[in-house]
Each structure stands twice: as C-alpha cells, then as structure tokens.
Amino acid sequence: MSHARKLSSMDASFLYLETPEMPMHVGSMAIFKLKDGYQGDFFEDFKKMIADRIHVAPILKARLEKAPLDIDNPSWVEDDQFDIDRHIFRASLPAPHNRAMLERTVGWIHAKLLNRARPLWEFYVFEGMENNEIGLYSKMHHACIDGGAGAALTNMIYDITPVPREFPKVVPNKPANEPRDIAANMLDSYTQLWRQPLDASKAKSFDLPRSGKSDLGSVLFDNAMFQIESGIRMLGGVPETVKSIRDMIAKVSDPKSRDSLASMVSPSTMLNKTISSERSFAGVSVSLPEAKAIAKQAGGKLNDVVMALSSGVLRRYLLEHGGLPSRSLTAAVPISLREEGNTEANNQVFGMICSLATNIEDPKERLQAIIAQSAKSKEMSHPLRALMPSMSNISMLGAPILIQVLALLYSRSNLSDVLPPSANVTISNVPGPRQTLYAVGAELLHIFPVSIATHGLALNITVQSYRDQLDFGFIAGANIIPHVEVLANMLPKEFELLAAAVAPGNHASAAS
C-alpha cells in the first residue's frame with residue numbers, strides 16, 4: 001500500500017459503531033491436520049509463510065490514520081513499524097486440549113478489541129491438540145474486509161497442494177512524486193470538471209485529484225473533491241435511482257406485498273436484548289452435497305436450507321426455554337454485491353429481512369414457507385440493491401465523531417431491551433473453496449466462521465462451505481446464551497429431520 005486510501009463510509013461505519021461490548025471484527029476457527037512424521041515447528045513455519053506472502057494482501061500491513069479532529073473518515077496507510085510478532089501468537093489450550101476447549105477459548109478471545117494503533121488483524125496458533133490437530137483462530141476488523149473478500153484472502157494465503165507455492169520476490173515501489181500543493185490541485189480539478197462532458201456513462205467514473213496529505217486543510221480539500229465527485233456521479237445515476245425508487249414505491253403500495261411486509265415484522269424474543277462484553281462460540285458441520293440435494297428436492301436454493309436448519313434449531317431452543325413466539329422469527333441476511341472475480345479488501349454488501357417460519361412445526365412445510373418468503377424478500381429488496389453503491393459512500397464532515405458518540409450512548413442505554421427488534425437473528429452464508437487447502441503442508445479440515453453479535457441481535461449464525469461440507473459458526477453474547485454449543489449440537493438432528501421430511505415418497509409429517 002504505497003499511498004493513503006480513505007475508507008468508504010460503509011467500511012468506516014464498522015469502526016464508528018464499535019464499543020467495548022460490541023467488537024466489530026470477524027474471524028474463523030480453522031482446524032488443521034499435521035502430516036504424518038512432521039518434525040518442524042508449525043507455529044514458526046506458519047509465521048514465516050505469512051511473512052513471505054504478506055505482500056499478496058497489502059491490507060495486512062495497513063494501519064488506520066485518523067483525520068484531524070475526526071471530521072472525516074480515516075485512511076489506510078502502510079505501517080512503517082509493522083512487526084509480524086505483534087499479529088501472530090503461539091497459544092495453548094488447557095486440558096483436555098480438544099475442540100470444545102478451543103471453542104471456549106475462541107469465544108473468550110473474540111470478545112477482545114483489536115489494537116487500532118496497528119494493522120487490524122491477529123492470528124492465534126493452538127498446538128498440542130488431540131488427533132495431531134492444530135487450531136488456528138484468526139480475526140480481522142470488519143472495516144477491512146467482508147465475507148466475500150475473506151474467502152478470497154483465504155485462497156490467496158493458503159495452498160492447494162501440500163507443497164507450498166513459490167511466490168515471486170517483492171520489488172520495492174519507486175518513491176511516488178511529492179503531492180502538489182492545494183492550489184495546483186484545485187486548478188486541475190476545476191479544469192477537469194468543465195472539460196469532461198457530464199453524460200451518464202462518464203459520470204460514474206468521474207475522478208478528481210487529491211492532495212494525499214493528512215493536515216486539516218488537505219482533509220477539507222479532499223473532502224470537497226469527494227463531494228463534487230459524488231454529486232457528479234449521483235447526477236449520472238439519476239435515471240437508475242429514480243427507477244429504483246419508483247419500483248420500491250410500486251412494490252410497497254401493491255396490496256399483494258402486504259403479506260410480505262407483514263412477514264418481515266419481528267417479534268420480541270430473549271435473543272433481542274443488550275449483550276455483554278463476553279462471547280460464547282461453537283462450530284458444527286453438515287454435508288454440503290446432502291444439503292444441496294435437499295434444496296433441489298424442495299425446489300429451493302442452498303441458502304434456503306441453511307435458513308431452514310437455523311430455524312429448526314432456534315425453534316427447538318426457544319421451545320425448551322418457553323420463549324417461542326406465536327409469530328415467526330425473522331433473520332437479517334447479508335447479501336453480497338461483490339462481482340465475480342472481485343477480491344478487493346473492502347465491504348460490498350447490503351441486507352434483507354427474511355421470515356424463518358418458526359411458527360410452522362413440520363420441517364418440510366417450514367422449508368417450503370422459507371423458500372416462498374425468501375423469494376418475496378429478495379423481490380422486495382431488489383430495488384434497493386441498485387441504490388446501495390451510491391448510498392454506501394456518503395460522507396459528511398463531522399459525522400465520524402457524532403456516530404461514535406451515538407453508538408456509545410446506545411450501548412450504555414440498554415435501548416435494545418425496549419425497542420422493537422429489526423430482526424431476531426443474523427444468518428449469513430459465505431461460499432468458500434471446494435478444493436482442499438493446506439498451510440505449510442498441514443491439511444485444512446474445517447474453517448468455522450466467527451462473526452459479530454450486536455445489541456438486539458445476540459446470536460449470529462454464519463456458514464461457510466468448504467470442500468464437501470458446510471461449516472456453521474454460532475457466536476452469541478454470553479449473557480444471553482452462555483453455552484451456544486447447545487444450539488450447535490441440535491443442528492445435526494435438525495438436518496436429519498429435514499432430509500427425512502423432503503425425501504422422495506415421504507408424505508408424512510416429520511416429528512419436530
């Protein structure tokens with residue numbers, strides 16, 4: 001990263017919303033199997049591998065540089081004091097050195113904030129586990145990366161054979177020319193503004209020069225250039241924006257949409273409370289081919305099956321605790337805006353609300369209801385999809401400090417205990433690599449996602465596909481669900497019930 005790159009408003013929002021009770025980093029708990037006869041030091045070998053390849057992902061050497069007085073979004077700059085020993089740590093598990101103990105430890109570490117004075121990521125290597133396994137817990141701030149970029153980063157860092165790849169040596173960049181003074185940049189910007197025809201096709205790629213400096217005057221100048229760019233691009237996108245708004249109004253006013261809107265109203269549950277600064281975590285896997293077969297048999301998609309499994313687990317858990325509402329629970333579902341092949345380390349995502357049909361007892365009927373409601377939710381949210389790229393980078397001077405104050409007030413006020421929930425749970429499905437991955441010759445067995453729990457959304461269920469399995473990661477505020485492994489342990493049974501319910505020739509209702 002040879003020069004400063006300002007964070008988009010969407011990326012920066014994860015910094016502003018972070019509080020001690022609500023860390024905004026994502027991660028994973030990977031399980032590796034050491035090759036037979038391995039005599040090396042896995043921790044040192046792994047650390048050297050990352051050090052040799054870190055140029056593949058420049059974001060790993062980037063730290064935050066705040067704008068003066070926090071009047072604008074911060075920038076990523078290369079950390080000239082980068083030290084990999086401050087980011088990769090050798091860790092150990094107490095007895096019995098198994099995955100259950102690893103999950104408890106990961107939950108504890110995941111609750112700790114990252115140090116903003118350094119690049120916002122950490123790896124913890126757990127050696128000495130049962131069955132010759134190695135645990136690797138990684139976390140990276142969500143301001144750096146979303147799930148799609150995380151999967152791309154995984155592919156870049158790890159190998160697809162037990163023999164590590166050779167990476168070309170890094171050629172140092174030539175020093176860039178010194179930034180010109182503000183007056184010269186202003187003149188260039190003014191000239192460029194009037195030379196370029198303001199047609200829609202060129203407005204979207206309209207770029208003005210920046211000072212590249214971090215003093216107050218330069219920040220004000222760069223923000224002014226950004227506002228001009230945004231205005232020009234917004235003008236170029238007016239036809240699309242108007243169409244999206246018109247489509248959205250038409251859908252909302254359509255009487256047929258009332259049922260869809262009603263299904264997105266979330267009941268209050270024990271999951272929708274203020275969370276503490278502690279986390280509980282658990283992971284579990286099911287067969288990807290079998291899940292795809294269920295989706296095909298039911299006429300839905302893989303994500304519908306993920307939702308149905310999560311719904312079954314939540315229904316069972318809330319029934320056991322006497323807290324299942326008569327109205328269906330809803331899920332906040334992130335949707336990637338990332339185009340195929342895009343591996344940029346930033347956030348390209350928006351979300352929608354989907355019914356989980358937890359008011360339906362029969363697993364097959366529940367899945368069919370989720371398929372139908374999911375299609376309606378996508379249709380309702382489709383007009384917003386075109387608006388998100390232009391909405392995700394709105395910048396206002398002074399907003400960063402204001403948002404941080406409001407986030408802290410919300411966190412301390414326990415408002416999420418009394419406000420109606422926007423959704424009951426977060427469920428995310430991230431496509432991962434299908435081929436086997438390796439790190440310094442060790443085979444990657446699982447990669448369980450470790451995501452974000454928030455006030456009002458105490459439970460997050462994130463799924464990543466890897467090889468022929470779906471790896472589920474359950475993360476929860478420990479004051480709400482102290483032992484989230486209880487939910488994870490329910491999932492295989494729900495998977496079995498759902499598979500039996502949709503099996504060809506099965507017309508009987510499966511017991512729940």
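How many helices and strands are there in the protein chain? Colour the model by secondary structure and you get 14 helices and 15 strands. Bear in mind as you click around that this is a predicted model.

**The whole chain**

Start with everything selected. The protein chain has 512 residues, and buried ones make up 50% of them. Now think about contacts with a sequence separation of 6 or more: 78% of these in the protein chain come from residues 24 or more positions apart.

**Stop one: helix α11**

Select residues 302–320, which is helix α11. From its first C-alpha to its last, this 19-residue helix reaches 28 Å, close to the expected 27 Å. Switch on a surface and α11 is mostly covered, with 14 of its 19 residues buried. Then step along to G322, which follows α11 and has a positive phi, near 65 degrees.

**Stop two: α10 against α14**

Next, select residues 288–298 for α10 and 485–502 for α14. Two packed helices are described by the angle between their axes and the distance between the axes. Here the axes come within 10 Å and cross at roughly 40 degrees. That angle makes α10 oblique to α14, and the crossing is left-handed.

Which residues in α10 and α14 meet? Show side chains for E290, A291, I294 and Q297 on the α10 side, and for F495, L498, A499 and V502 on the α14 side. While you have those up, recall that an α-helix has 3.6 residues a turn, so residues three or four places apart point the same way.

**Stop three: T462 in strand β14**

Move to residues 459–466, strand β14, and pick out T462. Is T462 buried or exposed? Its relative accessibility is 7%, so T462 counts as buried. Leave out residues up to four places away in sequence and T462 still touches S428, V430, P449, S451, D471, F472 and G473. Closer along the chain, look at N460: its side chain makes a polar contact with the side chain of T462, at 2.6 Å. For a distance label, try V333, which is 129 residues from T462 in sequence but 9.9 Å away in space, C-alpha to C-alpha.

**Stop four: across to S428**

From T462, hop over to its contact S428. You are now in strand β11, residues 425–430. S428 has 13% relative accessibility and therefore counts as buried. Setting aside neighbours within four places in sequence, S428 is in contact with P334, I461, T462 and V463. Display those four together with S428 to finish the tour.

Notes. Residues numbered from 1 in each chain as written. Predicted model: local features only at pLDDT ≥ 70, side-chain atom pairs only at ≥ 80, totals over all residues. Heavy atoms only, no water. Helix = DSSP H or I, 4+ residues; strand = E, 2+ residues; numbered from the N terminus. Expected span 1.5 Å × (residues − 1). Buried < 20%, exposed > 50% of the residue type's maximum accessible area, 1.4 Å probe, protein only. Contact = heavy atoms within 4.5 Å. Polar contact = N/O pair within 3.5 Å; in protein donor to acceptor, adjacent residues only side chain to side chain. Axes fitted to C-alpha atoms, helices over the stretch in contact; angles between N-to-C directions. Parallel < 35°, antiparallel > 145°, perpendicular 65-115°, else oblique. Left-handed = near helix turned anticlockwise from the far one by under 90°.
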